[in-house]
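Biologist: Could you take a close look at one chain for me and walk me through what you see, from its surface inwards and then out to its partner?

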Amino acid sequence: MKDVTITLPQLGDDSLVGVLRTLYATLANTSVQRQYHFNLRPVQWVHPLLALPLSAFIQRSGSTYEVDNLSDVGKYLQMMSFPRGIDSLPPLQQYDFGGKNYTPISVLRSTSTESQREKLQAQFEQMILQVLQPALGATSAVYYPISELVTNIFDHSNSDAGYIFGQYYPKKNFLDICIVDTGRGLAKTYREEKGLDFSDKNAMQAALQGRSTKPSKERGFGLRTSKDIVCKALGGSFSLISGSFAYITEVQKEHSFNLPNFYWQGVIIAYRIPRPIQMVDITPFLE
Amino acid sequence: MYTYNHMEHRLHLKLAQEIAEIISSRDVITVIKNRLLNQPEKSFVLDFSSVAFTSRSAAHEFILLEEDLKSHKKQVALVHMNKDVQAMFSTVRHHRIATQKLDFVLPQVMDINVLAA
């Protein structure tokens, strides 16, 4: 089993681009078909964009990890139920925030009934509202991207599980959400559903343009409108990773990255929104 | 949770209890639709009391459910929506066809290792 030591993000760089670099450094030259031992001892803080994909990778590959359980990071990972997460409703309902500003890792499984999965997802979304406490009239804006992006996992990815996690930073006044699947990824979905041989980059562009892989002309809204609500309605940042390609829009600047020697089988979405302090009307962004 | 309203001769389904208070997924609505199609009753009420939010996808799927039931000579009434849910349904009804934003183009691609350098 190969050892992988997780490198620290650049001090002070908690931007989505900065955290992408840490994720890239951690999982470059790895494959979910092999097992690794991840050393988190040097890490002093863990961002959702690192913790959640790592959780999914460890579960998928059967890898192991080590951390100082007495350190702040060790306690944080324990409290968020890293790496296995919570995949049933009663323990999630019993989760004691106790002053914490983050949810546990929640795992939605295709083996659950549709109703069980929906209740678990609803509980997660209500917990996000509880930590964030947005202004009245902003709840739809908070719920919408989570609802649409998680729905996409079970509509499109053929993944057996979806992973979700949220962390609110009260001093910085923003919420980070991460949504991960280890399904077929964007390019393979276009290939299998539409016979289109897209690169990871072209598949991502098509998805963000709203080109659905479903036959109906009434599909294709979810990803694009979610990004618009996060970025335009809420003034946030948004990142999307699939295969060997990443797209990030942050502080109204857009970036695209090739990720050589890195391959995420599935999709990773991470976004950041400031805490809404006034009503947010999402209807202009739904088309 | 189904109840039968004898006065109105309709099967009444409280969605917050049957599904959840936040309804996001298409597949859970497909399950409901198939159950209603297999019921002998011809008339149903889908009660959105205590449903705080429906996603666009879910609202669209409910609208398709209405249409499928109608094509099978069954009726469904969607009742007690809060204003956010009403607004979502109104948006979906008025903007059914997805317009592709083909003018969206990814920015120039960088290599992540250039950033790290």
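Modeller: About 11400 Å² of chain A is exposed, with 47% of that coming from carbon and sulfur atoms. Keep in mind that this is a predicted model. As for charge, chain A carries 28 positive and 26 negative side chains, and if you take the centre of each set, the two centres lie 3 Å apart.

Now go inside. Of the 287 residues in chain A, 62% are buried, and here that means under 20% relative accessible area. The overall dimensions are worth a look too: the C-alpha trace of chain A spans about 50 × 45 × 40 Å along its principal axes. A compact globule of 287 residues would have a radius of gyration near 19 Å, so the 18 Å of chain A agrees with that.

What is the chain built from? You'll find 9 helices and 10 strands in chain A. To see how the chain is connected, take the contacts between residues at least 6 apart in sequence: 68% of them join residues at least 24 apart.

Then there's the partner. On the chain A side, 46 residues are in contact with 43 residues of chain B. Between them the two chains bury about 4100 Å², and carbon and sulfur atoms give 59% of that area. If you want some residues to click on in chain B, try B:F104, B:L106 and B:I112: these lose the most area to chain A, and together they account for 17% of what the chain B side buries.

Methods
Residues are numbered from 1 along each chain as its sequence is written. Chains are lettered from A and ligands numbered from 1 in the order in which they are written. This is a predicted model: local features need pLDDT of at least 70, side-chain atom pairs count only at pLDDT 80 or more; totals for chains, interfaces and linings use all residues. Side-chain values use heavy atoms; hydrogens and water are left out. Helices (H or I, at least four residues) and strands (E, at least two) are DSSP runs, numbered from the N terminus. The radius of gyration is taken over C-alpha atoms; the globule rule is 2.2 Å times the number of residues to the power 0.38. Buried means under 20% relative accessible area, exposed over 50%, partly exposed in between (1.4 Å probe, protein chains only). Contact means heavy atoms within 4.5 Å. Accessible areas come from the Shrake-Rupley method with a 1.4 Å probe; for residues, only the protein chains shown count as cover. Lys and Arg count as positive and Asp and Glu as negative; His and the chain ends are not counted. The place of a charge is taken as NZ of Lys, CZ of Arg, CG of Asp or CD of Glu. Buried area is the accessible area (1.4 Å probe) that two parts lose on being put together, summed over both.
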